[in-house]
Amino acid sequence: MDRHVRFERLHNFRDLGGYATADGRSVGYGTLYRSDSLSTLQGADWDRFLALGVRTVIDLRYPWEIEAKGRVPESEGLAYLNLSVEHRPYDQAEISPDVDPWRYLADRYAEVALDGAKELRRALEVIAEDGGPLVFHCASGKDRTGLLAALVLSLAGVAEDDIAADFALTELATERLRADWHAAHPGRDLVWPGYGRAPEEIIRLFLADLAAAYGSVQGYVTGHLGVDEETIDRLRARLLTS
């Protein structure tokens, strides 16, 4: 199925519904979305967004990114939280072509998982609340967003193959993400040829690293993040349908 919700200026807005879980249920449609930056919403795109009935936006970017690029427009009844999960900024455009790019990015995800415990815990708690449809996003909807999506889907009981396939759907937006980078940085060279890419290998490496360190994703969430089992049960109850 095509999970992308079509917008003129958003490139990577997707419904996380429909994935089957180990207990025979599935993630409900129209409940949880992931996206690139919502700061570009206007006109027909804004109307389309409002029609989805989203009640909560979790913005995973740095405050300085929001100051420079803007945030989702304010709207009555729309809750907005900035939970900056990344604490060690780096410039993907400048990644050396000589390094293993997917191992490099998986290592950056590991840093987010370590440093961003407070913010990731709060994000999972908010997702577990029954407050209507929710969307979380970063700049391109790839790395920080992909990490949180992997945690949520894993906690819901979705198989790793489906989590990896969902992560790799960003590849459909790569060309537009690269075009936006070139438009925003005239005169600069895009050093890293993998910019905007999202192969399955990245998230598989990250999940394997969590399993090696904590036994499982749930072990990481309960151990390092400090999320209790009751919150995980609420998250499953909110997201899953029979």
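1. Let's begin with the sheet. It is an open sheet of five strands, in the order β1-β3-β6-β4-β5, and its pairing is mixed. The edge positions belong to β1 and β5 (79-82); each has a single partner strand, so one side of each is left without a neighbour in the sheet. Please keep in mind while reading that this is a predicted model.

2. Now for how β3 sits among its partners. Strand β1 (residues 14-15) and β3 run antiparallel and are joined by two bridges. With strand β6 (residues 134-137), β3 runs parallel, and four bridges join the two. Arg34 is a handy residue to click on here: Arg14 has Arg34 as its bridge partner in β3, and Arg34 in turn has Phe136 as its bridge partner in β6. Next along, Ser35 is matched with His137 of β6.

3. Which way do the side chains of strand β3 (residues 32-35) point? Leu32 and Arg34 point one way, Tyr33 and Ser35 point the other way, and all of them are buried. In a regular strand, side chains alternate between the two faces of the sheet. If you colour β3 by burial, then, expect buried residues in both directions, Arg34 included.

4. Helix α1 (residues 43-51) is a nice one to look at down its axis. Asp45, Trp46 and Phe49 are buried there. These residues lie on the same side of α1, because they cover an arc of only 100° around the axis. Ala44, Asp47 and Ala51, on the other side of α1, are exposed. What do the buried residues of α1 pack against? They pack against β4 (56-59) and β6, and both of these strands belong to the five-strand sheet of point 1. After α1 comes Gly53, which has a positive phi, near 75°.

5. Helix α10 (residues 229-239) can be read in a similar manner. Its buried residues are Thr231, Ile232, Leu235, Arg238 and Leu239. They cover an arc of only 125° around the axis, which puts them on the same side of α10. Glu230 and Ala237 are exposed on the other side of α10. Do notice that Arg238 is listed with the buried residues.

6. Ala123 deserves a moment. This residue is found in helix α4 (residues 117-128). Is Ala123 buried or exposed? Its relative accessible area is 0%, so Ala123 counts as buried. Setting aside neighbours within four places in sequence, the contacts of Ala123 are with Ile58, Leu83 and Leu148. Ile58 falls in the range of β4 (56-59), while Leu148 falls in that of α5 (144-156). For a sense of scale, Ala123 and Phe167 are 44 residues apart in sequence and 18 Å apart in space, C-alpha to C-alpha.

7. Glu111, in helix α3, is a charged residue that you might wonder about. Why does Glu111 count as buried? Its relative accessibility is 18%, and buried means under 20%. Beyond its neighbours within four places in sequence, Glu111 is in contact with Arg88 and Gly116.

8. On to the enclosed space. The structure holds one cavity of 30 Å³ or more, and about 40 Å³ of space lies in the largest cavity. Its lining is made by Glu86, Tyr90, Arg108, Tyr109, Val112, Asp143, Arg144 and Leu147. Two or more lining residues come from each of α3 (101-115) and α5 (144-156), and α3 gives the most, with three residues. By class, four lining residues are nonpolar and four are charged, with no polar ones. Tyr counts as nonpolar here, which is worth knowing when you look at Tyr90 and Tyr109 in this lining.

9. Last, the open space. The largest pocket holds about 1000 Å³. Which of its 32 lining residues are the closest to its centre? They are Glu65, Lys69, Ala139, Ser140 and Tyr195. Helices α2 (63-69) and α7 (174-184) each supply at least two residues of the lining. The lining of this pocket divides into twelve nonpolar, eight polar and twelve charged residues. If you would like a starting view, try centring on the five residues around Ser140 and Tyr195 named above.

Methods
Residues are numbered from 1 along each chain as its sequence is written. This is a predicted model: local features need pLDDT of at least 70, side-chain atom pairs count only at pLDDT 80 or more; totals for chains, interfaces and linings use all residues. Side-chain values use heavy atoms; hydrogens and water are left out. On a 1 Å grid over the protein atoms alone, a cavity is a set of points where a 1.4 Å probe fits but cannot get out, and a pocket is an open set with protein on both sides within 12 Å along at least five of seven lines; lining residues have an atom within 4 Å of a point. Grid points are joined across faces, edges and corners, and a volume is the space filled by probe spheres set on the points. Buried means under 20% relative accessible area, exposed over 50%, partly exposed in between (1.4 Å probe, protein chains only). Contact means heavy atoms within 4.5 Å. Two strands pair if DSSP finds at least two bridges between them. The arc is that of the directions from the helix axis to the C-beta atoms.
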